[in-house]
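Hi,

Here is the structure I said I'd pass along. Have a look at it first, and then read my notes underneath.

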Amino acid sequence: MDDLKVGSVVKGEVTGIESYGIFVRLNENFSGLVHISEISEKFVKDITKYADVGEVIYVEIKEINKETNKCILSVKDLNYRIDENSKVKESVRGFSPLKQHLPEWIEQKYNEIHKK
């Protein structure tokens, strides 16, 4: 339970898919549900397009019930799928950190070019 905290992003294994959500095992003691409303901001017509049983994905922990060992999970705003063959490794939040620094880097390069 030490590594499971509300707000943290952890790896989990998809154990089942239903019309209302994705079931994920987080560790030997805890599991959870990514409700269909926590998959995407857009309309989700077919959940099976978002995950496969047996796939390891990143999930964000929204709530933890220590009595039932169940969690409410989300993959919204996460690059939740893990591609082990990818040459470029993304963080669990996708390329957001790069996007945040881009305006600063453009400004620096612009100033550098105009100084010459």
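What follows is a run through what turned up, starting with the overall fold and then moving to individual residues.

One caveat up front: this is a predicted model, so please read every distance below with that in mind.

**The barrel**

The strands are the place to begin. Five of them form a closed barrel in the order 1-2-3-5-4, and the pairing is mixed. Going from one strand to the next, the twist averages 50°.

Strand 1, residues 9-18, pairs antiparallel with strand 4 through five bridges. Strand 1 also runs antiparallel to strand 2 (residues 21-25), again with five bridges between them. The connection from strand 1 to strand 2 is a hairpin of two residues.

If you want a residue to anchor your view of strand 1, try E13. On one side E13 stands opposite V56 of strand 4, and in strand 2 the residue opposite E13 is R25.

**Salt bridges**

How many salt bridges does a search of the whole structure find? The search gives three, and they sit in rather varied settings, so I'll take them one by one.

The R25 and E13 side chains form one of them, with N to O at 2.6 Å. R25 belongs to strand 2 and E13 to strand 1, so this pair ties together parts that are twelve residues apart in sequence. As noted above, these two residues also stand opposite each other across the strands. Are they tucked away or out in the open? R25 has a relative accessible area of 39%, so it counts as partly exposed. E13 is partly exposed too, at 29%.

Next comes E41 with K76, where the N to O distance is 3.8 Å. This pair links distant parts of the chain, 35 residues apart: E41 is in the loop between strand 3 and strand 4, while K76 is in the loop between strand 5 (70-74) and helix 1 (96-115). With a relative accessible area of 62%, E41 is exposed. The salt-bridge cut-off is 4 Å, so the 3.8 Å of this pair falls within it.

The remaining bridge is between K109 and E112, whose closest N and O atoms are 3.0 Å apart. Both residues are in helix 1, three residues apart, or about one turn of the helix. K109 is partly exposed at 44% relative accessibility, and E112 is partly exposed at 39%.

**The loop around S40**

K76 comes up again here. S40 lies in the loop between strand 3 (31-35) and strand 4 (56-65). Beyond its neighbours within four places in sequence, S40 is in contact with Y50 and K76. There is a local polar contact as well: a polar atom of the S40 side chain lies 3.0 Å from the backbone nitrogen of K42.

**I17 and its contacts**

Back to strand 1, which is where I17 sits. The bridge partner of I17 in strand 2 is I22. Which residues does I17 contact once its neighbours within four places in sequence are set aside? The list is I47, T48, A51, D52 and V53. Y50 is not far along the chain from those, and I17 and Y50 have their C-alpha atoms 9.7 Å apart, with their positions 33 residues apart in sequence. For all those contacts, I17 is still partly exposed, with a relative accessible area of 23%. Buried would need a value under 20%, so 23% puts I17 in the partly exposed class.

**One aromatic pair**

The whole structure yields one aromatic pair. The rings of Y20 and F23 are involved: their centres are 6.0 Å apart and their planes meet at 85°, so the geometry is edge-to-face. Y20 is partly exposed, with a relative accessible area of 39%, and F23 is also partly exposed, at 29%.

If you open the model with this list beside you, I'd start at E13, with V56 opposite in strand 4 and R25 opposite in strand 2, and then go on to the loop that holds S40.

Cheers

Notes:
Residues numbered from 1 in each chain as written. Predicted model: local features only at pLDDT ≥ 70, side-chain atom pairs only at ≥ 80, totals over all residues. Heavy atoms only, no water. Helix = DSSP H or I, 4+ residues; strand = E, 2+ residues; numbered from the N terminus. Polar contact = N/O pair within 3.5 Å; in protein donor to acceptor, adjacent residues only side chain to side chain. Contact = heavy atoms within 4.5 Å. Pairing = 2+ DSSP bridges. Buried < 20%, exposed > 50% of the residue type's maximum accessible area, 1.4 Å probe, protein only. Phe/Tyr/Trp six-rings, centres within 6.5 Å; stacked < 30°, edge-to-face > 60°. Axes fitted to C-alpha atoms, helices over the stretch in contact; angles between N-to-C directions.
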